[in-house]
Amino acid sequence: LKDGDVRSRELCDVVGALARSKYFDPGLFELLASELQRACRKGRLGAAEILQVLCSMSELNAYNAALFGAACEALRPGLKDFSEALRSRLEAALKRVNHDPGSDFFNCLQQRPRDTREACPMFWRGQCKWGPKCKLSHDQDSFEATAREGNWRPPSQSGGRSVGFNQSSDLFKADRCGALW
């Protein structure tokens, strides 16, 4: 490790193994932090590896400001592509060690990708039977955007009448075995 003969991926694996075993050695972590910082700055680590390193180090409370700063800078360009779960995991890791990457990083981290699907009118009436499988959006932001753009038409105006009782009635039919679903 002192000679720099360890690959970037192996460094990530070492940090992960140390976190799983709950092993903390300040001397070892200083060496690891400097090598990981160099790997982050040179772009040798992917976003998933950087996230794993940050989470593992925060679990051990092994905080190195230079490493966390370099990792946040490396993650900044691809932060918009992170899923909600990865965003919350990263935010929790940064809060656990009280690292402040800057307000613009946290703002970018807390922005949710906008759902571009059309708002589901049946959901807002409480009659959508599809739930998470619905092809239309059940998100409050998409409903507000559709209403703001003037594209919103309730089902009564779009030619459809209320058939919520028909939509939900087939949910409680007996199958061929006699079981109700």
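Helices here are DSSP runs of H or I with at least four residues, numbered from the N terminus. Please keep in mind that every view below shows a predicted model.

**View 1. Lys 22 sits in the loop between α1 and α2.** Welcome to the first close-up, centred on Lys 22, which is found in the loop linking α1 (8–21) with α2. Most residues other than glycine have a negative phi. Lys 22 has a positive phi, near 60°, although the residue is not a glycine. With a relative accessible area of 60%, Lys 22 is exposed, because the cut-off for that word is over 50%.

**View 2. Asn 61 has a positive phi in the loop between α3 and α4.** Moving along the chain, we come to Asn 61, in the loop that runs between α3 (47–59) and α4. Its phi is near 60°, a positive value in a residue other than glycine. Asn 61 counts as exposed, at 54% relative accessibility.

**View 3. Helices α2 and α4 pack against each other.** Two packed helices are described by the angle between their axes and the distance between the axes. For α2 (residues 26–42) and α4 (residues 65–75), the angle is about 20° and the axes are 9 Å apart. The two helices, α2 and α4, are therefore roughly parallel to each other, since angles under 35 degrees count as such. Their crossing is left-handed. On the α2 side, the contact is made by Ala 33, Leu 36, Gln 37, Cys 40 and Arg 41, and on the α4 side by Ala 66, Leu 67, Ala 70, Ala 71 and Ala 74. Sorted by type, the residues of this contact are 8 nonpolar, 1 polar and 1 charged.

**View 4. Ala 33 and Gln 37 are two buried residues of α2.** Here we look again at the α2 side of that packing. Ala 33 has its place in helix α2 and counts as buried, at 1% relative accessibility. Leaving out residues up to four places away in sequence, Ala 33 touches Asn 64 and Leu 67. The C-alpha atoms of Ala 33 and Met 57 are separated by 9.6 Å, and these two residues are 24 residues apart along the chain. Gln 37 is also found in helix α2. This residue is buried, with a relative accessible area of 16%, because the cut-off for buried is under 20%. Not counting neighbours within four places in sequence, Gln 37 is in contact with Ala 66, Leu 67 and Ala 70.

**View 5. Helices α5 and α6 form another packed pair.** This view brings together α5 (residues 84–96) and α6 (residues 103–110), which pack at an angle of about 145° with their axes 9 Å apart. From α5 come Arg 87, Leu 90, Glu 91 and Leu 94, while α6 brings Phe 105, Phe 106, Cys 108, Leu 109 and Gln 110 to the contact. The contact residues divide into 6 nonpolar, 1 polar and 2 charged.

**View 6. Helix α8 has buried residues on the same side.** Our last stop is helix α8 (residues 140–149), where Ser 142, Ala 145 and Thr 146 are buried. These residues cover an arc of only 100° around the axis, so they lie on the same side of α8. Gly 150 follows α8, and its phi is positive, near 85°.

Technical notes. Residues numbered from 1 in each chain as written. Predicted model: local features only at pLDDT ≥ 70, side-chain atom pairs only at ≥ 80, totals over all residues. Heavy atoms only, no water. Buried < 20%, exposed > 50% of the residue type's maximum accessible area, 1.4 Å probe, protein only. Arc of directions from axis to C-beta. Axes fitted to C-alpha atoms, helices over the stretch in contact; angles between N-to-C directions. Contact = heavy atoms within 4.5 Å. Nonpolar A, V, L, I, M, F, W, Y, C, P; charged D, E, K, R; others polar. Parallel < 35°, antiparallel > 145°, perpendicular 65-115°, else oblique. Left-handed = near helix turned anticlockwise from the far one by under 90°.
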